[in-house]
Every structure is written in C-alpha cells, then in structure tokens.
Amino acid sequence: MSLHYHCPICKLPLALNEKTLRCDNNHSFDFAKEGYVNLLPVQNKNSKQPGDSLEMVQARRAFLEQGFYAFLQRALSNMISERKPSVLIDLGCGEGFYTHAIADKIEAQVYGVDISKSAVKYAAKRYPQCHFSVASISQAPFKSGTADVLLSVFAPLFEQELARLAAPNATLVVASPGPWHLKELKEYIYADVAKHTEIDTPSGFIKADQKLITEQVTLNFSDIKNLIMMTPFAWKFRPEHWQTLEEKGAQSVTLSFYITEFSKAD
C-alpha cells in the first residue's frame, strides 16, 4: 500500500517497507505496535510531551463515549461522505472520535494527525481503518496537494499549511464553537459570557456553506467535570467553582457548533 507521507526532516516522499517509513536520504520512522507512526522530529517539539496530556485525553474519551457529541459526529460524517473524497486528512484528530466515523462512511485513505502522542496512541489502537501519525499540524507530514478534503475540529487553523495540503477544488470542513456553546458552565468563571463568533475564511479558500447545530443536554457532575477538563478554559476553574458545580449536581448545558465548509480558491 502506498501512503501519502513525506519526510518531516527533508520533505522527500516516504516509502513503506514492512513497518518502517524511509526516504531517499535514509531518514526512517518505525510504526509503533499500536499502528501509528511518530513523524514529529525532536527539534520540532516545544516541550517534552507536546499537545494534550494523558489526563485531558482520558477526560475527553470518557465524555465522548457518553454520546453527547454524537450529533456533531453524524453531521460531519454525512457532510463529508457527500464529497466522496479519495484522501482525507483530519488535522488535530485527537483520539479519532470523528476520524473513524467518517472513515466508516467513505471509501478513501483517511489520515489523522495530532501532536499529542497519548491521543494518537489511543486512536491507532482502536481504529485500524485509519492512518494515524504524531506530527505538528503546522508542518503536516504530507506532500503539497495531497487531500481533497481537510477536516479541522476545534483545532488551530494554519492558513498557509491548509492551502498547501489542499488539492485543486479541495474542501475544507471546520467545526468550531457555536454562539452559546457551554454558556452555562462559562457563567461560573466569567461575569459576562461573550458569544462565540464565526471563524474567518482562511487565506486561499472561499466560504461555501455553513450550518449551526445545537442541542441542550442534561449532564451529571462527572460528565461536566470531564467536559470542562477537555476544554481550554479548564485551568480557570478554581476549587470553589468545582465545589459549586458538585453541589448543584445535574444541570442543562448548551452544546452548539458551527460547521463551515470552504472551497479551495483557484
């Protein structure tokens, strides 16, 4: 099987030989026993363990397994399956919650990339139908023009890299927080909760479509704790906030997402 990876050091194509990827400059990368490949050179790491910690990964998995984000998973899978891609790259794939669901609905090579080794290890072990790698999405280990669909779910958007990776006429699908996503939880730490706004159109793309999907769910304290721990504002929760949440028990929480579709500009 031919894979679309290129060498993160010299940018030459990587050829697969048994369980090793190797370029013509003899840079080699072995697949781990779980099935993923680490394409993050040591010199490109900004910390010893970049990306989400094991604690964040475990919290996210525990929350997602309850099915609260299944409506987002379905919406993304349905939208992308209509595009009938041949190569899809999920940039910032985490534990593969969205990646594998999409792979199950399309006949394509599906790649998941994340800088968190803990997340990628989990994904590769459970979803062998996808190709997972540890790498930076700001310097993704693929040749230019590889993907006809790019997916970004709550991940940073690196405009130049998105444009580089996108094939002619490619589609970029971005999931981002809707206006009042997690409003009830943010009220514990912010005096005035601001609306999330729509994302800007990345350079090199044209906005093609957008939908807003929202559900109101009732979460117990355990679910709320896991949800908060998987968000960027978790560090703002002080002991008194956690105590108040626990005392309140189950509560209604807004889950809201923009799904925006962009087309590669000519």
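User: Before we look at isoleucine 106, what does contact mean here?

Analyst: Contact means that heavy atoms lie within 4.5 Å. Please keep in mind that this is a predicted model. Leaving aside neighbours within four places in sequence, isoleucine 106 is in contact with Ile80, Ser81 and Pro85.

User: Where is isoleucine 106 placed, and how far is its C-alpha atom from that of isoleucine 80?

Analyst: Isoleucine 106 sits in the loop between α3 and β6 (109–114). The C-alpha atoms of isoleucine 106 and isoleucine 80 are separated by 8.2 Å, although the two residues are 26 apart along the chain.

User: Is isoleucine 106 buried or exposed?

Analyst: A residue is called buried when its relative accessible area is under 20%. Isoleucine 106 has a relative accessible area of 10%, and therefore it counts as buried.

User: How should I read a helix, and what are the length and reach of α2?

Analyst: The general idea is that an α-helix has 3.6 residues a turn, so residues three or four places apart point the same way. Helix α2, which covers residues 70–83, has 14 residues and reaches 20 Å from its first C-alpha to its last, close to the 20 Å expected at 1.5 Å a residue. Just after α2, lysine 84 takes a positive phi of about 50 degrees.

User: Why can α2 be described as largely enclosed by the rest of the structure?

Analyst: The reason is a count of residues: 10 of the 14 residues of α2 are buried, so the helix is largely enclosed by the rest of the structure. Among them are Phe71, Leu72, Leu76, Met79 and Ile80, and the polar residues Gln73, Ser77 and Ser81 are buried in α2 as well. The buried residues of α2 pack against β5 (87–91), α3 (97–103), β8 (147–153), β9 (166–177), β10 (205–219) and β11 (251–264).

User: How do I read a sheet, and in what order do the strands of this one stand?

Analyst: In a regular strand the side chains alternate between the two faces of the sheet. Here 8 strands form an open sheet in the order β4-β7-β6-β5-β8-β9-β11-β10, and the pairing is mixed. The edge strands are β4 (37–38) and β10, each of which pairs on one side only.

User: Which way do β8 and its partners run, parallel or antiparallel?

Analyst: β5 and β8 pair in the parallel sense over 3 bridges, and β8 is also joined to β9 by 6 bridges, again with the strands running parallel. Two pairs let you find these places in the structure: isoleucine 89 has leucine 150 in β8 as its bridge partner, while valine 153 stands opposite alanine 175 in β9. β8 is mostly covered, with 6 of its 7 residues buried. Further along the sheet, β9 and β11 run antiparallel and are joined by 7 bridges, and valine 174 stands opposite threonine 260 in β11.

User: Which strands does α2 lie across?

Analyst: α2 lies across β5, β8, β9, β10 and β11, and it runs at about 15 degrees to β11. Helix α7 (residues 221–229) packs on the sheet too, where it touches β10 and β11, and its direction makes about 150 degrees with that of β10.

User: How do I read a nonpolar core, and how many residues has the largest one?

Analyst: In soluble globular proteins, nonpolar side chains tend to be buried together. The largest nonpolar core of this model has 55 residues, and those with the most contacts inside it are Tyr69, Leu76, Phe132, Leu227, Leu245 and Leu255. The largest share of this core, 6 residues, comes from α2. A second, separate core of 29 residues includes Cys7, Phe142, Leu162 and Ala170.

User: What does phenylalanine 132 touch?

Analyst: Not counting residues up to four places away in sequence, phenylalanine 132 touches several residues, including Tyr5, Tyr36, Val120, Tyr127 and Thr99. Threonine 99 is in helix α3, and at 0% relative accessibility it counts as buried.

User: How many disulfides are there, and why is cysteine 7 not bonded to cysteine 10?

Analyst: A disulfide needs two cysteine sulfur atoms within 2.5 Å, and a search of the whole structure finds 0 of them. The closest cysteine sulfur to that of cysteine 7 belongs to cysteine 10 and is 3.7 Å away, which is too far for a bond. Cysteine 10 is in no disulfide, since the nearest cysteine sulfur, that of cysteine 23, is 3.6 Å away. Cysteine 7 is buried, with a relative accessible area of 0%, whereas cysteine 10 is partly exposed at 24%.

Notes: Residues are numbered from 1 along each chain as its sequence is written. This is a predicted model: local features need pLDDT of at least 70, side-chain atom pairs count only at pLDDT 80 or more; totals for chains, interfaces and linings use all residues. Side-chain values use heavy atoms; hydrogens and water are left out. Helices (H or I, at least four residues) and strands (E, at least two) are DSSP runs, numbered from the N terminus. The expected span of a helix is 1.5 Å times one less than its number of residues. Buried means under 20% relative accessible area, exposed over 50%, partly exposed in between (1.4 Å probe, protein chains only). A nonpolar core is a set of buried Ala, Val, Leu, Ile, Met, Phe, Trp, Tyr and Cys residues joined through side-chain atoms within 4.5 Å. Two strands pair if DSSP finds at least two bridges between them. Axes are lines fitted to C-alpha atoms, for helices over the stretch in contact, and angles run from 0 to 180 degrees between N-to-C directions.
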